[in-house]
Amino acid sequence: MAAQPKDSPVILITGASSGIGAELARQLARGAAKEGRTARLALAARREDRLNALAEELRRDCGADVLVHAADMTQPSHVAVLVDSVKSHFGRIDVLVNNAGVLKMAPFLDMPIGDMQYLVNVNFWGPLHAIRAAAPVMAEQGGGRIVQVASGVARRGLPFMAVYAATKAALSCFTESLRMELGAQGIDFTIVYPGGVDTEMPASVDRASLPDTYHDHAELRIPAARAARAIRKALKCGALEVYVPWWVRWASWLSVICPSAADFLIRRSYGKSLNK
Ligand SMILES: NC(=O)c1ccc[n+]([C@@H]2O[C@H](COP(=O)([O-])OP(=O)(O)OC[C@H]3O[C@@H](n4cnc5c(N)ncnc54)[C@H](OP(=O)(O)O)[C@@H]3O)[C@@H](O)[C@H]2O)c1
């Protein structure tokens, strides 16, 4: 009798309605189809229409088993229902990709406190709620992996994104602690540190709140597909950390080894936008 194809892991991706999350879902579904498996994906975000369109595409093109669930990750009750629905549909959760995030940019002293709270709520509390809900499910089934999509600015803050950078640094530190604590229950963690990625996120930044001379460094952005590929590869090999593109790792090391050189280079590249 022919060998049965191995079951695909059940992967819950938050922020799957666009950008890196949507691209990761596509790559996982295609990869499973190529290997003769059925991808088992749960897609979460607030824009349900986008999730449904993506789910249709993945079912049609790759035969994936896709669950769509609209949820606002800042609401613990939404997150609890999301995790319950994934568990009841698939019976387990092997991987949680905490990818949902938002970016707001402005000089620190000009940013409304509400925007700062929003950044913290989505980028830090969102993954925290998701882990509180999903980790017990993983522990009960004997293990799992949690992927935290942070940012290169978690390792080296940049101008006009002080609070965003702080949310991602908090996420990174929080994850390092959990890796030790929850590792004993078979739960592994991967932290992803992307540089600029060409998605709706940088495109939606309100330029009016930034200095006229601010240069957005769009030339350094990578396509979402490249960031998603790096995450997929990390899932396969169980990497602890992923820096994408590669130079983000070197930039973060430079910042640790010689912070004054990092300051110098950043000041130079932000030029006049840092003048009073
Ligand atoms: N793009 C970059 O340059 C860059 C660089 C480093 C790190 N990252 C990180 O990569 C991750 C993905 O970002 P992206 O670049 O792919 O941006 P994106 O295209 O704007 O995607 C962000 C996703 O997060 C979801 N989301 C936002 N707020 C949410 C909430 N309250 N509840 C549930 N879902 C929410 C959005 O869906 P809905 O609006 O439908 O809810 C969307 O699916 C983020 O964590 C981001 O911080 C991005």
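Start at the ligand in this predicted model and select its surroundings: 30 residues make up the shell, and the closest are Gly 15, Gly 19, Arg 46, Arg 47 and Gly 101. Now colour the shell by helix. Two elements each give two or more residues to it: α1, spanning 19-34, and α6, spanning 200-203. Switch to colouring by residue class and you'll count 13 nonpolar, 12 polar and five charged residues around the ligand.

Next, hide the side chains and show the strands. You're looking at an open sheet of seven strands with parallel pairing, and walking across it takes you through β3-β2-β1-β4-β5-β6-β9. Stop at the two ends: β3 (65-70) and β9 (241-244) are the edge strands, each paired on one side only. Turn the view as you walk and follow the twist, which averages 15 degrees from one strand to the next.

Zoom in on the β9 end. Select 187-194, which is β6; this strand pairs with β9 in the parallel sense over four bridges. Then pick Tyr 193 and look across to β9, where Tyr 243 stands opposite.

Now bring the helices back and select 113-141. That's α4, lying across β1 (10-14), β4 (95-98), β5 (144-149) and β6. Compare α4 with β4: the helix runs at about 175 degrees to that strand.

Last stop, colour by pLDDT. The protein averages 96, and 98% of the residues score at least 70. Which stretch stays under 50? Select residues 1-5: that's the one, and the model has two contacts for it beyond four places in sequence. Don't linger on the details there, because coordinates predicted with low pLDDT should not be read closely.

Methods
Residues numbered from 1 in each chain as written. Predicted model: local features only at pLDDT ≥ 70, side-chain atom pairs only at ≥ 80, totals over all residues. pLDDT = per-residue confidence, 0-100. Contact = placed C-beta atoms within 7 Å. Near = placed C-beta within 6 Å. Nonpolar A, V, L, I, M, F, W, Y, C, P; charged D, E, K, R; others polar. Pairing = 2+ DSSP bridges. Axes fitted to C-alpha atoms, helices over the stretch in contact; angles between N-to-C directions.
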